[in-house]
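Here is a friendly walk through one model, meant to be read with the viewer open. Please have a look at the sequence and the fold before reading on.

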Amino acid sequence: MQAVFLVGGLGSRLGDLTRQTPKPLLEVGGRAFLDYLVEDVARHGFTDMLFLAQFEADQVRDYCAQSSTIKRLGIKATVLEEPDRAGTGGALWHAREYLADRFLLLNGDSWLQGNYCALKNLLESRGALCAVALRELEDTGRFGRVELDGHNITAFAERGGEGEGGRINGGIYFMHKTVVDRGGPVCSLEADILPNIACEGVLAGIDFPGYFIDIGLPDSFALAQTEFVNAWRRPALFLDRDGVLNVDHGHVGSIDRFEWIDGAIETVRYANDLGWLVFVVTNQAGVAKGHYDEEAVQALHRFMQAELLKHGAHIDEYRYCPYHPEGIVERYRCVSNDRKPEPGMLLDLMERWPVDKTRSLMLGDKESDVAAARAARVAGQIVSSNNGTMNLLVIFNKNIIQKLYI
Ligand SMILES: [Mg+2]
């Protein structure tokens with residue numbers, strides 16, 4: 001899946017800060033602001049990235065060549081240099097031969113925490129040309145103001161009213177490439193294209209309730225150094241697999257034996273919508289015992305991810321432990337710190353992702369799941385399973401409410 005970043009703006013309102021540096025590359029918490037966006041977009045499965053640069057485009061190229069995030073997450077990064085002052089619609093128009101038939105579009109100078117897969121799901125379910133992430137604000141003055149009826153955007157204005165509350169355009173879109181064809185070499189997506197699409201009734205919108213920041217003003221840039229950096233660290237939902245997400249038929253290693261438990265997909269989607277990170281941590285001793293190989297485990301996880309995506313949901317990372325001390329496959333016959341009740345998989349995930357462990361939760365169907373959580377100093381909860389009546393969503397919600405996570 002393709003993501004396109006608009007990183008060509010001059011950032012003139014930031015004065016000296018952006019005299020020599022593109023706004024998305026300004027440092028926030030010791031890292032380029034863009035690097036956070038790249039990580040957040042990639043975890044949703046958008047790993048083919050196109051950067052539409054203009055001002056100091058070489059710096060964007062350098063960023064792409066040097067970013068450890070881009071390397072770690074296997075991102076394919078392409079930088080295009082747009083002509084001067086083409087506008088947002090013009091930048092896309094000049095890049096159209098590089099655009100996928102449908103793509104995610106983001107501004108490189110703001111972050112709206114939310115579920116990007118939900119935008120894709122909304123576009124598909126509504127048959128819309130473009131789906132927009134929206135955010136309610138008390139003062140819409142600086143932003144484009146949007147009127148919403150259900151999931152249908154009925155009015156799209158480039159600027160809001162000073163001091164007026166309402167919904168704003170969050171600057172994140174999932175759209176068909178045909179939207180870009182409606183523009184020209186110099187035009188604005190927000191002023192020239194989207195209002196017309198709204199009039200035709202094919203512009204969809206969804207509220208993203210999460211944290212929002214636009215670093216385009218000195219005050220908000222200063223705020224990013226503290227508030228944004230804190231908001232970046234998020235709760236994680238660690239999910240055991242067999243007996244929690246799917247019915248535990250015993251050593252499930254193939255798609256034909258995989259059966260979702262009621263409420264499992266909805267729970268992942270709900271956690272995604274809340275902005276939580278969601279991980280699978282599963283013991284797969286079936287590999288050590290010779291029931292199936294690692295490729296089969298990975299194929300099953302790819303299948304799960306594709307199924308989840310149909311519902312606008314995703315898992316950020318799948319971790320499995322193929323080892324068992326009594327395995328028959330020699331390679332996998334060993335004691336491993338990854339095998340629950342040991343906490344290896346959780347600890348490693350918390351090392352790699354911005355997890356706030358004090359607000360995180362592990363759901364499993366065995367005592368060993370909770371023990372692993374305890375050892376990693378994360379709250380753990382046993383869910384009863386396999387009778388087909390368990391509703392994971394209810395359990396997850398109960399935990400959130402009890403702990404006042406939101
Ligand atoms: Mg289990």
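Which residue follows α9, and what is the sign of its phi? The residue is Gly275, and its phi is positive, near 90 degrees. Keep in mind that this is a predicted model.

The helix that comes before this glycine spans residues 264-274. Ala264, Ile265, Thr267, Val268, Arg269, Ala271 and Asn272 are buried in α9, so a charged residue, Arg269, is found in that buried set too.**The open sheet**

How are the five strands ordered in the open sheet? The order is β16-β15-β14-β17-β18, and the strands pair in parallel. At the edges stand β16 (317-321) and β18 (379-382); each has a single partner strand, so one side of each is left without a neighbour in the sheet. On average, and with direction ignored, neighbouring strands of this sheet are turned by 20 degrees against each other.

Strand β17, residues 361-364, is a good place to zoom in. With β18 it pairs in the parallel sense over four bridges, and with β14 (residues 236-239) it is joined by three bridges, again running parallel. Some of the bridge partners are listed here.

| Residue in β17 | Bridge partner | Strand of partner |
|---|---|---|
| Leu361 | Ala379 | β18 |
| Met362 | Phe238 | β14 |
| Gly364 | Ile382 | β18 |

Which way do the residues of β17 point? Leu361 and Leu363 point one way, Met362 and Gly364 point the other way, and all are buried. In a regular strand the side chains alternate between the two faces of the sheet. Helix α13, residues 367-375, lies across β17 and β18 and runs at about 175 degrees to β18.

**Cysteines**

How many disulfides does the structure hold? The number is zero. For Cys117, the closest cysteine sulfur is in Cys130, at 16 Å, which is too far for a bond. Cys117 counts as buried because its relative accessibility is 0%. Cys321 is in no disulfide either, as the nearest cysteine sulfur, in Cys334, is 7.4 Å away. Cys321 is buried too, with a relative accessible area of 0%.

**Aromatic rings and charges**

A search of the whole structure finds 15 aromatic pairs. One of them joins Phe258 and Trp260 in an edge-to-face arrangement, with 5.0 Å from centre to centre and 85 degrees between the planes. Both Phe258 and Trp260 are buried. Elsewhere, Phe33, Tyr36, Trp111, Tyr211, Phe228 and Trp232 form one aromatic cluster.

Which rings have an arginine over them? The charged end of Arg72 sits over the ring of Trp353, at 5.6 Å from its centre. Arg96 lies over the face of Trp93, and here the distance to the ring centre is 3.6 Å.

Terms used. Residues are numbered from 1 along each chain as its sequence is written. This is a predicted model: local features need pLDDT of at least 70, side-chain atom pairs count only at pLDDT 80 or more; totals for chains, interfaces and linings use all residues. Side-chain values use heavy atoms; hydrogens and water are left out. A disulfide is a pair of cysteine sulfur atoms within 2.5 Å. Buried means under 20% relative accessible area, exposed over 50%, partly exposed in between (1.4 Å probe, protein chains only). Rings of Phe, Tyr and Trp (its six-membered ring) pair if their centres lie within 6.5 Å; planes under 30 degrees apart count as stacked, over 60 as edge-to-face and the rest as tilted. A charge sits over a ring if NZ of Lys or CZ of Arg is within 6 Å of the ring centre and within 35 degrees of the ring normal. Two strands pair if DSSP finds at least two bridges between them. Helices (H or I, at least four residues) and strands (E, at least two) are DSSP runs, numbered from the N terminus. Axes are lines fitted to C-alpha atoms, for helices over the stretch in contact, and angles run from 0 to 180 degrees between N-to-C directions. Contact means heavy atoms within 4.5 Å.
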